[in-house]
Amino acid sequence: NACTFFAAVKRQTGLAVEVISGEEEARLTWLGGLSGIEVPPGPILLVDPGGGSTELIVGEGSHIRSRVSLEIGTVRLTEAFLGFDIVDAASFSRMRDAIDAALAKVDLPVLPRSVVATAGTATTLAAMELGLSTYEGGRVHGATVTIAALRTWIDRLLEAGPVKRQQLAAVSPDRADTLLAGATILLRVLEKARRQALRISDRGLRFGVLAQRG
């Protein structure tokens with residue numbers, strides 16, 4: 001019902017809704033996600049694990065070399081494999097296999113020198129690693145999360161029930177149930193990219209729009 005929705009937005013706010021292409025979304029996410037992040041020169045892999053899909057964008061400077069959208073979002077995987085109670089090892093293994101199958105189809109044009117992760121899953125995991133009880137974007141933006149830390153959080157989330165997961169994810173308890181899927185996506189992406197750590201970006205698409213209109 002897109003036309004009806006757009007008309008209602010225009011009528012109530014005076015604003016016109018603009019629908020952008022996948023390529024433009026990737027460009028704006030790239031522009032926003034990398035703003036204020038210091039990484040070594042060379043190719044960068046930007047990872048954006050959303051609820052329904054995960055975006056992988058490879059580029060260098062302002063140039064995007066490749067973009068792929070995979071149907072392995074955190075909510076999608078949680079609903080399909082894990083559920084919202086205690087997760088058993090077999091279900092986790094099936095989810096991990098699904099992530100690996102999706103990533104196996106991705107041909108990175110070049111191995112990245114740096115990996116940057118954006119969106120709520122990544123920022124929540126970074127806040128947890130920093131030991132934050134309330135979210136602090138200034139500390140999260142630019143933080144480093146190692147592959148070892150991801151493995152530790154996966155182990156802790158895997159053995160936790162719903163209440164314990166919310167305690168672990170105190171900075172964003174609404175994401176608690178999908179963090180196991182998100183951490184596993186980030187881990188497997190890092191392993192594919194042959195990197196030992198990723199940087200966290202507290203920025204994304206909205207920052208890209210603001211930066212462009214500047």
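In the predicted model, Gly32 is a residue of helix H2, which spans residues 22-33, and its relative accessibility of 0% places Gly32 among the buried positions, because burial is assigned to anything under 20%. Between Gly32 and Ala183 there are 22 Å in space, taken from C-alpha to C-alpha, and a separation of 151 residues in sequence.

A second buried position is found in strand E1, formed by residues 44-49, to which Pro49 belongs. Pro49 has a relative accessibility of 2% and therefore counts as buried. When residues up to four places away in sequence are not counted, Pro49 touches Thr54, Thr118, Ala119, Thr121 and Leu186. Of these partners, Leu186 is 137 residues from Pro49 in sequence, yet the two C-alpha atoms are 7.9 Å apart in space.

Strand E1 takes part in an open sheet of six strands, in which the order is E3-E2-E1-E4-E6-E5 and the pairing is mixed. The edges of this sheet are formed by strand E3 (63-70) and strand E5 (144-146), each of which pairs on one side only, and the twist from one strand to the next averages 25 degrees. In general, the strands of a sheet are paired by hydrogen bonds of the backbone, in either a parallel or an antiparallel manner. Strand E2 (residues 54-60) and strand E3 run antiparallel and are joined by seven bridges; within this part of the sheet, Gly59 is placed opposite Ile64 of E3.

At the other edge, helix H7, made up of residues 147-158, lies across E5 and strand E6 (197-201), and the direction of H7 is at about 70 degrees to that of E5. Helix H7 also packs with helix H5, the axes of the two coming within 11 Å and crossing at roughly 90 degrees, so that H5 is roughly perpendicular to H7. The residues that meet are Leu125, Met128 and Glu129 on the H5 side and Ala149, Leu150 and Trp153 on the H7 side. By class, the residues of this contact comprise five nonpolar and one charged, with no polar residue among them.

Helix H5, which covers residues 120-130, also contains Thr124. With a relative accessibility of 3%, Thr124 is buried, because this value falls under the 20% limit. Once the neighbours within four places in sequence are set aside, the contacts of Thr124 are with Ala169, Val171, Ser172, Arg175 and Leu179.

A further helix pair is provided by H3 (residues 74-82) and H9 (residues 179-193), whose axes come within 8 Å and cross at roughly 110 degrees. An angle from 65 to 115 degrees counts as roughly perpendicular, and H3 and H9 are therefore assigned to that class. The crossing of this pair is right-handed. On the H3 side the contact is made by Thr74, Leu77, Thr78 and Leu82, whereas H9 contributes Leu180, Ala181, Gly182 and Ile185. The residues of the contact between H3 and H9 divide into five nonpolar and three polar, and no charged residue is included.

Note on methods: Residues numbered from 1 in each chain as written. Predicted model: local features only at pLDDT ≥ 70, side-chain atom pairs only at ≥ 80, totals over all residues. Heavy atoms only, no water. Axes fitted to C-alpha atoms, helices over the stretch in contact; angles between N-to-C directions. Helix = DSSP H or I, 4+ residues; strand = E, 2+ residues; numbered from the N terminus. Parallel < 35°, antiparallel > 145°, perpendicular 65-115°, else oblique. Left-handed = near helix turned anticlockwise from the far one by under 90°. Contact = heavy atoms within 4.5 Å. Nonpolar A, V, L, I, M, F, W, Y, C, P; charged D, E, K, R; others polar. Pairing = 2+ DSSP bridges. Buried < 20%, exposed > 50% of the residue type's maximum accessible area, 1.4 Å probe, protein only.
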